[in-house]
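Dear colleague,

I am handing over the structure we spoke about, with its sequence, so that you can look through it yourself. My notes on what was found come after it.

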Amino acid sequence: MPPALKALVAQLAGWLAAFLLARGGLLPGGIWPMVAAQAAGAAGAALALRSARWWLPIHLAFMPLVVAARALELAPAWYLGAFVGLLLIYWTSFRTQVPLYLSNRATAEALARLLPQGPADVLDVGAGTGSLLRRLAAMRPDCRFEGVELAPGPWIIGKLLLPRRGRQVAWRRADLFSVPWAGYDLVYAFLSPVPMAAVWRKAGMEMRPGSLLVSNTFEIPGRSPDFVVEVGDRRGTRLLAWRIPASRAPN
Ligand SMILES: C[S@@+](CC[C@H](N)C(=O)[O-])C[C@H]1O[C@@H](n2cnc3c(N)ncnc32)[C@H](O)[C@@H]1O
């Protein structure tokens with residue numbers, strides 16, 4: 001079951017548990033015992049569904065926060081606005097399981113050191129707001145960069161912030177698996193553990209021999225990197241790099 005569906009089922013199971021307890025006269029009166037029972041029931045259901053551990057505090061806090069927020073008496077438009085804002089930023093991350101977080105300056109500098117000496121073409125798959133590409137473009141004016149981003153919010157920010165003149169940075173709104181990865185000297189991915197097996201398959205099928213696939217933090221299952229760069233920043237970023245072999249045998 002996809003994680004988002006598990007979360008929905010857990011919340012509904014929490015309400016069912018709270019309802020049954022209340023009907024059985026097992027809860028004191030008032031809204032808060034119901035809410036506490038729902039939260040505990042939802043967390044228990046999430047455990048039973050084997051949701052990732054970090055879902056538990058979310059289930060425990062969700063309904064209490066919803067009920068507490070009602071006391072603020074905010075106009076419904078605020079909730080709608082917040083929902084639309086989050087939707088634009090996170091878009092289909094309930095499906096892709098890749099949220100938005102950005103590579104820092106130290107990572108951009110470490111990545112720049114992996115670029116070839118002369119002109120090179122670089123693709124950032126899942127490029128966020130383009131902040132990494134803007135830094136790289138400033139460091140390496142002789143290279144061409146391309147970013148592919150699916151979520152409209154970060155894509156629009158990138159569109160507004162990327163240099164308008166010149167052709168050093170190309171910026172596309174697309175699914176990273178639907179664009180060709182051929183023709184780049186380096187493909188950079190800062191995604192999540194979930195798509196890494198598919199990333200490796202696509203890299204092996206499309207990237208040219210000798211080019212470099214670099215993943216920030218996330219490993220490819222069953223494939224040791226050819227080398228690892230310790231960025232040395234506070235979050236302990238590691239860049240894992242695979243050189244695409246001459247003979248293609250991705251699996
Ligand atoms: C962790 S962020 C990395 C942003 C940027 N590459 C950086 O390092 O600063 C991952 C980005 O990938 C995007 N993303 C996730 N799945 C995608 C897909 N299938 N196609 C294109 N973009 C995707 C997300 O919207 C998010 O902005």
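The notes below go through the cores, the strands and a helix beside them, the ligand shell, and one residue on its own.

Please keep in mind throughout that this is a predicted model.

The largest nonpolar core has 38 residues, and those with the most contacts inside it are V122, L136, V187 and Y188. The elements that contribute two or more residues to this core are the helices α6 (105-114), α7 (131-139) and α9 (196-206), together with the strands β1 (121-125), β2 (144-149), β4 (186-189), β5 (212-216) and β7 (238-243). Apart from that core lies another, of ten residues, which includes A7, A10, A45 and F62.

Strand β1 is a useful place to begin reading the sheet pairings. Four of the five residues of β1 are buried, so that the strand is mostly covered. Towards β2, β1 runs parallel and is joined by five bridges, with D124 standing opposite G147 in β2. Between these two strands the chain passes through α7, and the resulting β-α-β crossover is right-handed. β1 also pairs with β4, again in the parallel sense, over four bridges, and there V122 has L186 of β4 as its bridge partner.

Helix α7, which forms the middle of that crossover, has S131, L132, L133, L136 and A137 among its buried residues. The buried residues of this helix pack against α6, β1, β2 and β3 (169-173). For L136 in particular, leaving aside residues up to four places away in sequence, the contacts are A108, L111, A112, V122 and F145.

As for the ligand, 22 residues surround it, and the closest of them are V98, S103, G126, G128 and L150. The elements that give two or more residues to this shell are α7 and β2. Sorted by class, the shell comprises 14 nonpolar, five polar and three charged residues.

Finally, a word on L86, which lies in helix α4 (residues 76-90). L86 counts as exposed because 12 other C-beta atoms lie within 10 Å, and the cut-off for an exposed residue is 12 or fewer. The C-alpha atom of L86 is separated by 34 Å from that of D185, and the two residues are 99 apart along the chain.

With best wishes

Terms used:
Residues numbered from 1 in each chain as written. Predicted model: local features only at pLDDT ≥ 70, side-chain atom pairs only at ≥ 80, totals over all residues. Core = buried A, V, L, I, M, F, W, Y, C linked by C-beta atoms within 7 Å. Buried ≥ 20, exposed ≤ 12 C-beta atoms within 10 Å, placed from the backbone. Contact = placed C-beta atoms within 7 Å. Near = placed C-beta within 6 Å. Nonpolar A, V, L, I, M, F, W, Y, C, P; charged D, E, K, R; others polar. Pairing = 2+ DSSP bridges. Right-handed = clockwise from strand over helix to strand, strands pointing away.
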